[in-house]
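Here are my notes for your review. Please read them with the model open beside you.

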Amino acid sequence: MKSLFDTVSFKCSKLVTQSYSTSFSLAVKMLSPGIRDAIYSIYGFVRFADEIVDSFHDFEKENLIHDFEKEYYKAMQTGISLNPILNSFQHTVKQYNITDDLIQAFLKSMKLDLVKSSYPTHTEYEDYIYGSADVVGLMCLKVFVKGNEQKYEQLKNEAMRLGSAFQKVNFLRDLKEDNLVLNRNYFPGIDLNSFDEEAKTNIIAEIEEDFRIAFQGIVKLPIDAKFGVYTAYIYYRKLLQKLKNTPYYEIGNSRIRVSNYTKAGLLAQSFVTYKLKLV
């Protein structure tokens, strides 16, 4: 039965999410049960594409990302894919009317990681972040508003700024690995040789402004989504604070992370804040 295969497909997307990101999995659990599978399917799709360009060094990455894209569009046309991640994602795309420009922008940024190692201008930097992170926020927003286009347009900018904030935090945390392992430099005019406390301060100020604007959208989200998104927001704010407190020369020497104990405390804090209707 196709319905059983679809159920298995969504479970596979959930497993991918749980395996690759305990933090994101925790946030998804705070969403209403009715939208969790859709968010798992979005994460599974973007995670697999990202893994192709970031991790599969012993394989033909160009062929893999090309085949991944081709199989996605085949699934969209036929309504099925034997790749369960693509099968669940195509269902979500159709159910929530995720427009193809978002998919194409995401895949464009993933392909850039195969051929481009630096983003010397702010325009190039913003274009990459739009495709790699902002559109993921917009895909999730499509699910959160459940077809309410007026609400989608109202919250679109804030959703993009939240995606930008998350991505820039990741860039800052992974600065050394991106430079030395993947030979990439995302921040314009900044590499390991030019990275100093002033550069770190400027990047953090940019991220904090993204978070400030993003929060204005979080408080307006539908009830099904608000607590889950707020949980992710609180976690990344904590991660940014740890980066802020880390000397610039220490960033990248060890992976900055938030402990499971701290995550539990943040979850409790978020729950109290949410219940008191402070968000």
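**Notes on the model**

1. Start at helix α1, residues 2-20, where Leu 4 lies. The model is predicted. Leu 4 has a relative accessibility of 55% and counts as exposed, because the class begins over 50%. Leu 4 joins Met 1 and Val 8 in a nonpolar patch on the surface. Together the three have about 360 Å² of accessible area.

2. Next, the overall make-up. How many helices and strands does the protein chain have? The count is 12 helices and zero strands. Read from the N terminus, the elements run α-α-α-α-α-α-α-α-α-α-α-α. The protein chain has 279 residues, and 49% of them count as buried.

3. Now the second largest pocket. Its volume is about 220 Å³. The lining has 14 residues, and the closest to the centre are Glu 126, Ile 129, Asp 134, Ser 164 and Lys 168. Three elements give two or more residues each to this lining: α7 (122-145), α8 (149-173) and α10 (197-218). Which of the elements gives the largest share? Helix α7 does, with seven residues. By class, the lining of the second largest pocket holds seven charged, four nonpolar and three polar residues.

4. Lys 168 deserves its own point. This residue is among those closest to the centre of the second largest pocket. Is Lys 168 buried or exposed? Lys 168 is buried, because its relative accessible area is 8% and the limit is under 20%. The side chain of Lys 168 meets that of Glu 206 in a salt bridge, at 2.8 Å from N to O. Glu 206 sits in helix α10 and Lys 168 in helix α8, so this pair links distant parts of the chain, 38 residues apart. Glu 206 counts as partly exposed, at 26% relative accessibility.

5. Lys 168 has a second salt bridge, to Asp 210, with the closest N and O atoms 2.7 Å apart. Lys 168 is in helix α8 and Asp 210 in helix α10, so the pair ties together parts that are 42 residues apart in sequence. Both Lys 168 and Asp 210 are buried. Please look at the wider group as well. Arg 161, Lys 168, Glu 206 and Asp 210 are linked in a network of salt bridges. The count of salt bridges comes to 16.

6. Another salt bridge to inspect joins the side chains of Glu 124 and Lys 116, at 2.8 Å from N to O. Glu 124 counts as partly exposed, with 26% relative accessibility. Lys 116 is also partly exposed, with a relative accessible area of 24%. Glu 124 lies in helix α7. Which residue, 64 along the chain from Glu 124, has its C-alpha atom 8.6 Å away? That residue is Pro 188.

7. Helix α7 also holds Val 136. Val 136 is buried, because its relative accessible area is 16% and buried means under 20%. Val 136 and Phe 106 are 30 residues apart in sequence. In space, their C-alpha atoms are 7.6 Å apart.

8. Two backbone angles should be checked. Lys 146 has a phi near 50 degrees, a positive value in a residue other than glycine. Where is Lys 146? Lys 146 lies in the loop between α7 and α8. Its relative accessible area is 48%, so Lys 146 is partly exposed.

9. The second angle belongs to Asn 183. Its phi is near 55 degrees, again positive in a residue other than glycine. Asn 183 is found in the loop between α9 (175-180) and α10. Asn 183 counts as exposed, because its relative accessibility is 55% and exposed means over 50%.

10. To sum up, three places merit a second look. One is the network of salt bridges formed by Arg 161, Lys 168, Glu 206 and Asp 210. Another is the second largest pocket, to whose lining α7, α8 and α10 each give two or more residues. The third is the pair of positive phi values, at Lys 146 and at Asn 183.

How values were computed:
Residues are numbered from 1 along each chain as its sequence is written. This is a predicted model: local features need pLDDT of at least 70, side-chain atom pairs count only at pLDDT 80 or more; totals for chains, interfaces and linings use all residues. Side-chain values use heavy atoms; hydrogens and water are left out. Patches are made of residues with over 30% relative accessible area and no salt bridge: like charges are joined within 9 Å, nonpolar side chains (Val, Leu, Ile, Met, Phe, Trp, Tyr) within 5 Å. Accessible areas come from the Shrake-Rupley method with a 1.4 Å probe; for residues, only the protein chains shown count as cover. A salt bridge is a side-chain nitrogen of Lys or Arg within 4 Å of a carboxyl oxygen of Asp or Glu. Helices (H or I, at least four residues) and strands (E, at least two) are DSSP runs, numbered from the N terminus. Buried means under 20% relative accessible area, exposed over 50%, partly exposed in between (1.4 Å probe, protein chains only). On a 1 Å grid over the protein atoms alone, a cavity is a set of points where a 1.4 Å probe fits but cannot get out, and a pocket is an open set with protein on both sides within 12 Å along at least five of seven lines; lining residues have an atom within 4 Å of a point. Grid points are joined across faces, edges and corners, and a volume is the space filled by probe spheres set on the points. Ala, Val, Leu, Ile, Met, Phe, Trp, Tyr, Cys and Pro count as nonpolar, Asp, Glu, Lys and Arg as charged, and the others, Gly among them, as polar.
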